[in-house]
Amino acid sequence: MIEAGDWGRLEDVEALAQKAAEAALAVTYEADGAFEASVMLTDDAQIRELNRTWRNKDKPTNVLSFPAPEQPGVEGPRHLGDIALAYETLVRESEEESKELAHHFAHLIVHGVLHLLGYDHEVEAEADIMEALEVKALATLGIADPYRDMAA
């Protein structure tokens with residue numbers, strides 16, 4: 001769902017989001033089954049409001065994830081939750097870090113899906129696990145390690 005922002009700059013954004021989400025699932029799940037997540041593409045103003053409402057942080061951020069509770073016995077694909085991305089933050093970070101916009105977008109989708117699956121990065125050991133999964137998922141999409149240049 002595109003709420004706000006110039007998301008037309010990204011060619012076939014829906015297909016890219018799906019590929020990135022599938023890559024995240026592929027490196028974490030061995031089980032059979034179908035999964036789905038909602039993705040809202042928005043702007044800094046709206047994501048700032050969401051961040052303030054749900055995390056008590058009055059500032060925009062690049063991606064927010066809202067995991068859904070498991071619902072045993074429900075037919076159809078398992079709904080993992082919702083992801084929201086902010087256009088201006090995505091563009092700014094991409095430019096500051098000299099990353100292709102589509103690659104940074106894919107990274108944030110992978111990151112968001114991993115959060116929906118319960119991964120986190122609040123503690124260094126958990127961050128190492130999550131980052132390794134991100135790197136592995138992005139590699140399947142032909143995207144270089146986004147953390148490589150940041151460590152230098």
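The legends below accompany close-up views of a predicted model.

**View 1. Helix α2 and its buried side.**
Helix α2 spans residues 44–55, and its buried residues are D44, I47, L50 and N51. Because these four cover an arc of only 125 degrees around the axis, they lie on the same side of α2. An α-helix has 3.6 residues a turn, so residues three or four places apart point the same way. The partners against which the buried residues of α2 pack are the strands β1, β2 and β3, together with α3, which comprises residues 87–96. Just after α2 comes N56, a residue whose phi is positive, with a value of about 55 degrees.

**View 2. The surroundings of R52 in helix α2.**
R52 is found in helix α2, where the residue is partly exposed, because its relative accessible area of 33% falls between the limit for buried residues, under 20%, and that for exposed residues, over 50%. The side chain of R52 is joined to the side chain of E49 by a polar contact of 2.3 Å. When residues up to four places away in sequence are not counted, R52 touches K57 and D58. As a reference for distance across the model, R52 and H121 are separated by 69 residues in sequence, while in space they are 20 Å apart, taken from C-alpha to C-alpha.

**View 3. Strand β3 and its two pairing partners.**
Strand β3, formed by residues 78–86, runs parallel to strand β1, formed by residues 35–42, and eight bridges join the two. Within this pairing of β1 and β3, residue L41 stands opposite L85. Strand β3 also pairs with strand β2, which consists of residues 63–67, but here the sense is antiparallel and the pairing extends over five bridges. In this second pairing, P67 stands opposite G81 in β3. The strands β1, β2 and β3 that appear in this view are also among the elements against which the buried residues of α2 pack.

**View 4. T28 in the loop that leads from α1 to β1.**
T28 is found in the loop between helix α1, which covers residues 13–26, and strand β1. A polar atom of the T28 side chain lies 3.0 Å from the backbone oxygen of A24. Leaving aside the neighbours of T28 within four places in sequence, the residues in contact with T28 are L114, L117, Y119 and L133.

Technical notes. Residues numbered from 1 in each chain as written. Predicted model: local features only at pLDDT ≥ 70, side-chain atom pairs only at ≥ 80, totals over all residues. Heavy atoms only, no water. Buried < 20%, exposed > 50% of the residue type's maximum accessible area, 1.4 Å probe, protein only. Contact = heavy atoms within 4.5 Å. Polar contact = N/O pair within 3.5 Å; in protein donor to acceptor, adjacent residues only side chain to side chain. Pairing = 2+ DSSP bridges. Arc of directions from axis to C-beta.
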